[in-house]
Amino acid sequence: MRLALREARKGLGRTSPNPAVGAVIVINGEVAARGYHRRAGLPHAEVEALSRLGNHCPEGTLYVTLEPCNHVGKTPPCTQAILKSGIRKVVVGMKDPNPRVTGGGCAFLEAHGIDVTVGVLEAECRRLNEDFLVSVREGRPFVIAKSAMTLDGWTATSAGHSKWISNEESRAFVNRLRNRVDAVMVGIGTVLADNPSLTTRLKKGKGRDPLRIVVDTHLRIPRDAKVVTQNSSAPTLIVTGEGMAAPDCQPFRGGGVSTLACPLREGKIDLKALMKRLGEMSVMSVLLEGGAAIMGSMLRERLIDKFYLFKAPRLLCGDDGVPMAGGPGPEKMDNAMLLKDIRVRRFGDDILIRGYPAYKT
């Protein structure tokens with residue numbers, strides 16, 4: 001199953017809106033074939049592994065990270081391919097979380113005499129597809145918040161200057177994150193202050209640009225902003241309030257740029273409504289790189305699922321910098337947000353803290 005997980009990771013960032021899945025076929029204790037889901041519309045992991053054995057392996061045991069599908073989508077059901085291959089045992093990491101298909105694949109295989117074991121390395125399999133789990137359960141994207149700050153907690157100086165807090169190694173890691181998500185999102189404040197490109201810049205140019213989302217209630221984005229004018233294979237989506245007139249939005253439409261009108265709440269974009277709309281657009285994961293305003297708003301709406309927080313060995317030594325999140329915070333430390341499942345990693349002198357928010361009920 002660990003080998004199957006390794007195979008599945010090869011497809012991370014490329015399978016949306018499908019999950020990343022890996023499969024390994026073992027015959028007489030030896031790995032005979034491997035496969036992974038490469039992209040939506042292409043063969044699933046089980047089928048790819050079976051094809052390497054001519055779709056016939058009656059002595060084999062199939063290990064797969066996710067329950068085999070038993071419905072017709074863009075590809076035929078994997079259960080049928082497994083049944084025809086003659087495989088007599090299937091080991092599944094986790095059941096499909098989609099309520100419309102949960103248990104269907106395993107039940108079908110068992111009903112046809114195949115020995116099925118479920119739940120092997122289930123926690124690892126669920127972590128692998130944490131974005132898919134949120135997408136099918138809540139109908140919205142899995143949101144990863146990224147922020148770089150000084151040791152005393154500032155993300156920019158009092159003048160809004162932030163280039164660069166983190167080092168090149170940390171920034172290279174962020175580009176790898178962009179390469180694996182469906183979209184990267186910022187608020188209009190970040191565009192006005194930094195004019196970012198929000199593209200993926202990897203060595204040898206192998207990166208894939210994500211959809212760029214700019215939350216801009218009153219359409220203040222300059223027409224020469226990089227996210228509007230740059231040459232990229234990915235589009236830019238400008239999210240405005242429903243009250244913006246169509247003629248105001250027209251100059252930003254075309255050339256890979258589109259606009260999306262969302263309802264307002266207290267004069268700002270209703271972020272829950274926006275996440276719902278993105279889910280309907282099959283956006284499964286979002287990297288939030290916005291400034292303090294949108295970060296604070298997303299936190300208060302409990303829309304952030306994971307954090308990547310970079311701490312750099314710098315001190316502003318003042319009380320007038322820009323914090324990670326704006327807006328009101330708790331009055332007592334007992335009410336501070338806790339992070340769980342913490343992992344710490346170093347990039348040179350920078351420290352990366354990865355964790356998941358433990359929202360209080």
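This passage describes two sheets, two helices and a surface patch in a predicted model.

Local features were taken at pLDDT of at least 70 and side-chain atom pairs only at pLDDT 80 or more, while totals for chains, interfaces and linings use all residues. Residues are numbered from 1 along each chain as its sequence is written, and side-chain values use heavy atoms, with hydrogens and water left out.

Helices (H or I, at least four residues) and strands (E, at least two) are DSSP runs, numbered from the N terminus. Strands pair if DSSP finds at least two bridges between them. One open sheet has 5 strands in the order 2-1-3-4-5, with mixed pairing. Strand 2 (30–36) and strand 5 (115–118) stand at its edges; each has a single partner strand, so one side of each is left without a neighbour in the sheet. Neighbouring strands of this sheet are turned by 15° against each other on average, direction ignored. Such angles are taken between axes, which are lines fitted to C-alpha atoms, for helices over the stretch in contact; they run from 0 to 180 degrees between N-to-C directions.

Within this sheet, strand 1 (residues 22–27) pairs with strand 3 (residues 60–66) in the antiparallel sense, over 5 bridges. A23 has V64 in strand 3 as its bridge partner. T61 also lies in strand 3. T61 counts as buried because its relative accessibility is 17%; the buried class is under 20% relative accessible area, exposed is over 50%, and partly exposed lies in between (1.4 Å probe, protein chains only). Residues up to four places away in sequence aside, T61 touches V24, I25, V26, K89 and V91. Contact here means heavy atoms within 4.5 Å.

A second open sheet has 9 strands, in the order 10-9-8-7-13-6-14-16-15 and with mixed pairing. Strand 10 and strand 15 stand at the edges, each with a single partner strand, so one side of each lacks a neighbour in the sheet. The average turn between neighbouring strands of this sheet is 25°, direction ignored. Strand 9 (residues 236–241) is mostly covered, with 6 of its 6 residues buried. Strand 9 pairs in the parallel sense with strand 8 (residues 211–215) over 4 bridges. R212 has T236 in strand 9 as its bridge partner. Strand 9 also pairs in the parallel sense with strand 10 (residues 257–262), over 6 bridges. There, V239 is matched by its bridge partner L260 in strand 10. Strand 6 and strand 13 run parallel and are joined by 4 bridges. A145 stands opposite L288 in strand 13.

Helix 11 lies across strands including strand 6, strand 7 (183–187) and strand 10, and runs at about 130° to strand 10. L271 belongs to helix 11 (residues 271–280). At 6% relative accessibility, L271 counts as buried. Beyond its neighbours within four places in sequence, L271 contacts S297, M298 and L303. L271 and S297 are 26 residues apart along the chain, with their C-alpha atoms separated by 8.0 Å.

In helix 6 (residues 130–138), the buried residues include E130, D131, F132, L133 and V134. Their cover includes helix 5 (122–128), strand 4 (89–94) and strand 6 (142–150). G139 follows helix 6 and has a positive phi, near 70°.

I342 lies in strand 15 (residues 338–347). I342 counts as partly exposed because its relative accessibility is 42%.
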